[in-house]
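Biologist: I am new to reading protein models, and I would like to go through this one step by step. Please start with a single spot and then work outwards.

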Amino acid sequence: MADILLWLCHGHHLVLLWISIATLLTISSSMPPPDPIKCNNINSTSNCQLSNSYGVWGDRQTCHAPKIVYPTTEEELRDALANGNKNNLKVKIVTRFSHTIPKLACPGNSKEFVFISTEKYDSNIDINMEELTVTADGGVGLRKLIDTIEKAKLSLVAATYWEGVTVAGVISTGAHGSSWWGKGGAVHDHVIGLSLIVPANEFEGYAKIIKLTPHDPLFNAAKVSLGLLGIISKVTFQLEPAFKRSIRFNFTNDSHIEDEFMEHARKNEFGDIQWYPSRHIAVYRYDNRVPLNTSGDGVNDFLGFQSNPILLSKSVRATEKGYENARNVGGKCIMASSFVAYKKLIANGLKNNKLIFTGYPVVGHQGKMQTSGSCLYSSPLDITSTCAWDPRINGLFFYESTAILPHSNFGDFIRDVKKLRDLAKPESMCGVDIYNGFLFRFIKASEAYLGEGEDSVVVDFNYYRASDALTPRLNQDIWEEVEQMAFVKYGAKPHWAKNRNVAFLDAQKKYPKFNKFVAAKNELDPKNIFSSEWSDEILFGKQEGLKGDGCALEGLCICSEDRHCSPSKGYFCKPGLVYQEARVCRFSSTSTR
């Protein structure tokens with residue numbers, strides 16, 4: 001998710017609305033996010049279309065299914081799958097949030113598909129105080145789960161930074177927080193049991209429920225399964241006695257991040273690092289657990305996930321779009337500088353005693369510090385504010401690239417990015433600093449077949465996406481080179497729930513246990529009921545097919561000819577500046593074909 005920059009444009013001046021906007025953001029409720037499912041009529045369950053939370057898929061194509069069903073119990077889930085299997089239908093599972101950017105949940109072009117939604121399957125959360133475990137329905141939202149756990153004076157150690165996810169969705173895609181301690185920052189590595197509904201033969205009723213524990217051969221396939229093995233109906237997490245966390249941000253120079261990241265991760269249980277390369281600023285998050293009796297009742301209300309006035313979100317987008325169209329790098333750099341300064345002022349949304357930020361450290365209960373997403377909670381009557389990326393308002397619109405690099409070569413990756421920054425000039429990277437810069441988080445080696453084979457660093461960076469697919473972007477060659485540095489030169493794995501299509505090229509070759517996952521898939525779903533050409537393309541990392549004109553502009557291909565860029569607008573396919581094997585779309589007012 002992107003942060004919203006709190007400024008408005010007035011003539012040629014940028015006016016920071018330090019206090020008034022901060023207060024407005026704190027007290028405003030917001031319009032609820034749109035339902036990702038839209039069917040033929042308001043109360044209809046036929047002729048349905050699925051969108052992600054941004055309203056636009058990577059290829060800008062629509063995602064249809066003739067029908068959707070809404071089970072409310074595990075048995076109804078089983079019946080829904082049985083009916084699909086019996087009638088030779090393909091099945092895709094969808095949630096209330098739909099925050100997966102790739103088209104994993106999209107059916108193919110066949111009309112023989114059905115959506116099964118877990119939106120109404122969210123009733124049961126059962127806590128075992130003796131075993132310190134919780135078992136929840138797959139459709140339960142993360143915030144509901146955490147609040148229930150905390151009321152029992154227990155804590156879930158790992159969670160995603162964004163709480164708009166479901167229990168089953170968060171583990172299916174390998175989503176994570178940040179930690180190299182204990183079991184690590186990946187949520188699926190805190191799972192100790194799950195129930196999976198899979199296709200079955202006629203004698204077994206066309207669908208059956210299997211229960212998996214760490215001793216089962218299929219468990220490590222099912223923990224990160226991308227919705228391709230079956231329907232996750234129940235998930236059991238290991239918990240710990242309740243604790244608090246103490247957080248402090250240190251805004252400092254970025255001179256040594258490539259040498260200091262490992263020590264930072266090892267010294268801080270939930271630490272991360274944000275890097276604003278154009279500003280030469282690194283922000284070290286010192287984040288550790290403290291005893292429950294430590295004074296403090298703070299919350300982490302992350303700035304980017306707060307509700308924003310619709311007019312403000314539209315103004316930010318319009319201003320950045322204007323700078324893009326005018327090729328005004330300086331304007332974007334003013335935006336970046338203002339944003340970083342404001343973020344420092346309000347501690348990125350940390351609040352002492354649930355109100356405002358008054359100083360470090362900010363201490364609060366684990367459940368209030370580990371995840372956030374206040375723009376999710378709203379009144380339908382409020383039509384003045386919403387999440388900044390809400391597709392209904394023409395607000396923020398951006399790409400999310402997320403690469404997972406082994407810790408052993410992460411430092412070299414950062415050194416290359418610094419070389420690129422210095423060669424292309426720092427202002428070429430202002431575009432990413434308008435959003436969240438680079439965010440470095442830490443996850444441990446995992447036994448999951450589609451997890452990480454060694455301790456790794458996750459790098460997130462968000463950047464402007466044009467409203468039109470054939471419109472090139474300012475300094476887009478820089479981000480294409482960074483993307484190819486990560487995924488090609490350094491062999492980074494893609495985050496399964498994020499990224500542009502090019503990040504998934506040859507993805508299967510990067511997982512040593514990939515064949516074990518495929519074997520599990522063939523065992524549990526021999527008829528490929530849960531597969532489609534979209535999910536196969538992501539999972540199997542299909543090679544690029546025919547490349548169309550402009551395909552590199554949206555990350556649908558890596559350019560090899562000028563026509564894959566936009567030569568009519570001055571963008572030509574060129575080698576990278578530092579990673580010269582890269583092929584990027586670079587603007588040149590003098591280049592010819």
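Biologist: Good, let's begin. In which loop is Asn394 found?

Modeller: This is a predicted model, where local features need pLDDT of at least 70, side-chain atom pairs count only at pLDDT 80 or more, and totals for chains, interfaces and linings use all residues. Residues are numbered from 1 along each chain as its sequence is written, and side-chain values use heavy atoms, with hydrogens and water left out. Helices (H or I, at least four residues) and strands (E, at least two) are DSSP runs, numbered from the N terminus. With those labels, Asn394 is in the loop between strand 22 (385-386) and strand 23 (398-406).

Biologist: Is Asn394 buried or exposed?

Modeller: Its backbone has a positive phi of about 55°, although Asn394 is not a glycine. Buried means under 20% relative accessible area, exposed over 50%, and partly exposed in between (1.4 Å probe, protein chains only). Asn394 has a relative accessible area of 55%, so it counts as exposed.

Biologist: What does Arg327 count as at its relative accessibility?

Modeller: Arg327 lies in the loop between helix 7 and helix 8 (329-345), and it has a positive phi of about 55° without being a glycine. Its relative accessibility is 34%, so Arg327 counts as partly exposed.

Biologist: What span does helix 7 reach from its first C-alpha to its last?

Modeller: Helix 7 (residues 310-326) has 17 residues. The expected span of a helix is 1.5 Å times one less than its number of residues, and for helix 7 that gives 24 Å. The span in the model is close to this, at 24 Å.

Biologist: Which residues of helix 7 are buried?

Modeller: We can use the accessibility cut-off given above. Under that rule, the buried residues of helix 7 are Ile310, Leu312, Ser313, Val316, Arg317, Thr319, Glu320, Tyr323 and Glu324.

Biologist: Let's turn to the sheets. In what order do the eight strands of the open sheet come?

Modeller: Two strands pair if DSSP finds at least two bridges between them. In this sheet the pairing is antiparallel. Strand 21 (362-365) and strand 26 (493-494) each have a single partner strand, so one side of each is left without a neighbour in the sheet. The full order is 21-15-17-16-24-25-23-26.

Biologist: Which residue stands opposite Phe249?

Modeller: Strand 15 (residues 244-253) and strand 17 (residues 281-290) pair in the antiparallel sense over ten bridges. Opposite Phe249, in strand 17, stands Arg285.

Biologist: Which residue in strand 17 is the bridge partner of Asp272?

Modeller: Five bridges join strand 16 (residues 272-276) to strand 17, and the two run antiparallel. They form a hairpin with four residues between them, and His280 in the turn has a positive phi of about 55°. The partner of Asp272 in strand 17 is Arg285.

Biologist: In strand 25, which residue is the bridge partner of Ile443?

Modeller: Strand 24 (residues 438-443) is joined to strand 25 (residues 456-464) by six bridges, and they run antiparallel. The partner of Ile443 is Ser456.

Biologist: Which are the edge strands of the open sheet with the order 3-4-5-7-6?

Modeller: Five strands make up this sheet, and their pairing is mixed. One of its pairs is strand 6 with strand 7 (residues 113-117), which run parallel and share five bridges. Pairing on one side only are strand 3 (37-38) and strand 6 (90-94).

Biologist: Which residues are closest to the centre of the largest pocket?

Modeller: On a 1 Å grid over the protein atoms alone, a pocket is an open set of points where a 1.4 Å probe fits, with protein on both sides within 12 Å along at least five of seven lines, and lining residues have an atom within 4 Å of a point. Grid points are joined across faces, edges and corners, and a volume is the space filled by probe spheres set on the points. The largest pocket holds about 550 Å³. Of its 28 lining residues, the closest to the centre are Pro33, Pro34, Arg96, Phe97 and Leu376.

Biologist: Finally, what is the radius of gyration of the protein chain?

Modeller: The chain has 14 helices and 28 strands. Taken over C-alpha atoms, the radius is compared with the globule rule, 2.2 Å times the number of residues to the power 0.38. That rule gives 25 Å for 593 residues, and the chain's value is close to it, so the chain is as compact as a globular protein of that length, with a radius of gyration of 23 Å.
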